[in-house]
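User: I'd like to know how the labels on this structure are earned. Can you walk me through them?

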Amino acid sequence: MFYHIEGEVTDTAPYLAVIDCSGVGYAVSTSVNTLSKLKKGERAKLYTYLHVREDCFDLYGFATLNEKRLFEMLISVSGVGPKASISILSSGTPERIAMAIIQADELVFTAAPGIGKKTAQRIILELKDKVSKETEDIIFPSDKTTAVLRGGKLNDASQALAVLGYNPAEIANALSGFEEDGHSLEEMIKEALRKMIK
């Protein structure tokens, strides 16, 4: 229903930003990561997700489409609602959370308030299957120009970038020139993101 909201940030509180749009203040629930990018009195644009139930009508906002994409993936997991997803997104950057899904790193999820080990395991289990299906063409591309993505840390890096919404051509270009033994997985992803942001 709502794709994004843009206006002046009139107030902030833990997990909440108020965005003024033509005199109407919208309370937008959000993560610590997004809040860190907002300044009271300045204009901001947030990508939104509307959560509607019989007893609530809540608007969630994100500084980037990548963070929104991860939020939508998290709430698709059985037993993980919007508030729990915001808690997870507040415990690390979208890039770190994407890596945790790929690497089955439970600690990233259990670091979030209210997320126990069983929930963390369920998130990883359910999202790994989903990520695998969505990124099959990126992980094992038929195009020779993207063959660089096959195997090892390059494979893991390509999966993490795919989770963040980048397409095969962007990933192949960003990861070209990397040596398996010369960089850690985290270094690969950070450097690839720097290339794509330029």
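Analyst: Sure! Helices (H or I, at least four residues) and strands (E, at least two) are DSSP runs, numbered from the N terminus. R69 sits in one such helix, α2, residues 65–75. Keep in mind that this is a predicted model, where local features need pLDDT of at least 70, side-chain atom pairs count only at pLDDT 80 or more, and totals for chains, interfaces and linings use all residues. Residues are numbered from 1 along each chain as its sequence is written, and side-chain values use heavy atoms, leaving out hydrogens and water.

User: Why is R69 called partly exposed?

Analyst: Buried means under 20% relative accessible area, exposed means over 50%, and partly exposed is in between (1.4 Å probe, protein chains only). R69 has 28% relative accessibility, so it counts as partly exposed.

User: What makes helix α3 mostly covered?

Analyst: Six of the eight residues in α3 (residues 82–89) are buried. They are P82, S85, I86, S87, I88 and L89.

User: How do you know that β4 and β5 pair?

Analyst: Two strands pair if DSSP finds at least two bridges between them. Strand β4 (residues 43–53) and strand β5 (residues 56–62) have seven bridges, in the antiparallel sense. Y49 stands opposite Y60 in β5.

User: Which strands make up the closed barrel, and in what order?

Analyst: The five strands run β1-β2-β3-β5-β4, with mixed pairing.

User: How far apart are R69 and Y49 in sequence and in space?

Analyst: They're 20 residues apart in sequence and 10.0 Å apart in space, C-alpha to C-alpha.
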